Amino acid sequence: MLKEMYLQGIEVQAILLDGEVRERNKEIQLERTKGYFLWPDFQDIEEYRIPTYIVRDHNGLHAETILRALEPDVIINAGTPRRIGENILAIPKRGMVNVHPGMLPSYQGSMTPEWAILNDDPVVITCHFATKFYDDGPIVLEKELVIKKGDIWQKVRAQVIYETARVMAEGLRKIEAQNLSLATMPPLAGEGTLHKRMPDDKLHIVKAKLADGTYKHAK
């Protein structure tokens, strides 16, 4: 995300890194992408010369104090391991921005690209203003992920990660250009469907649909 924001001329005022590192999350991503995604070295943050703070908890008093002092227009959720509390959501002038790898509200929850492929729906990356509820809030930008016939599941999974970063940067540019904010945009319309982790038997079907080119939205 830092790279994409740098390339698109978006200024980042500060970075807050949560002190909790979940190695299992890294293991899951590397297992799902099998070499198509390069896990970032967080030391690379130094290249951007952005003030960086280490906090124990993104919802904690230390994080809240730093953010209130910074008076940000927007806070970006770049993959925090925690559900953000209302004390933090209330700080930015325009709101907190999140990117979700699914069309909202139809595809809330976990493994939404896989559920969309299983149902022969497009895989959509959604940039939206965040609320206290998961995968909820006004939509800023939607972009369909381009999947080619024969793309294997691991490659698609990596594409989702990279496209998420691009959509975040594009969404932030739109927010700035059109002066958008959580307070001035209509809420997310319709009832959502919360998806859980996909069982192995269904995931096998998804992998087969991608590999043999029978996924309806493959180009």
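This passage describes the overall form of a predicted protein model, then one of its strands and one of its loop residues.

The model contains seven helices and eight strands. Along the principal axes, the C-alpha atoms of the protein occupy a box of roughly 55 × 40 × 30 Å. The radius of gyration is 18 Å, which agrees with the value near 17 Å that a compact globule of 219 residues would have. Buried residues make up 42% of the 219 residues. Among contacts with a separation of 6 or more, 71% are between residues 24 or more positions apart.

The surface was examined next. The exposed area of the protein is about 12,400 Å², and carbon and sulfur atoms supply 52% of this area. The protein carries 29 positive and 31 negative charges, and the mean positions of these two sets are 3 Å apart.

Strand 6 covers residues 124-129. Six of its six residues are buried, so strand 6 is largely enclosed by the rest of the structure. Buried here refers to a relative accessible area under 20%. Both faces of the strand are covered. On one side lie Val124, Thr126 and His128, and on the other lie Ile125, Cys127 and Phe129; all of these residues are buried.

Strand 6 is paired with two strands, strand 4 and strand 7. Strand 4, made up of residues 95-100, runs antiparallel to strand 6 and is joined to it by four bridges. Strand 7, made up of residues 139-144, is also antiparallel to strand 6, and five bridges join these two strands. Cys127 takes part in the pairing with both strands: its bridge partner is Val99 in strand 4, and it stands opposite Leu141 in strand 7.

Arg94 lies in the loop between helix 4, residues 86-89, and strand 4. Leaving aside neighbours within four places in sequence, Arg94 is in contact with Asp73, Val74, Phe129, Ile175, Asn179, Leu180, Ser181 and Leu182. One of these residues, Phe129, belongs to strand 6 and is buried. Another, Leu182, is 88 residues from Arg94 along the chain, while the C-alpha atoms of the two residues are separated by 5.9 Å.

Note on methods. Residues numbered from 1 in each chain as written. Predicted model: local features only at pLDDT ≥ 70, side-chain atom pairs only at ≥ 80, totals over all residues. Heavy atoms only, no water. Rg over C-alpha atoms; globule rule 2.2 N^0.38 Å. Buried < 20%, exposed > 50% of the residue type's maximum accessible area, 1.4 Å probe, protein only. Contact = heavy atoms within 4.5 Å. Areas by Shrake-Rupley, 256 points an atom, 1.4 Å probe, with all protein chains shown as cover. Lys, Arg positive; Asp, Glu negative; His and termini not counted. Charge placed at Lys NZ, Arg CZ, Asp CG, Glu CD. Pairing = 2+ DSSP bridges.
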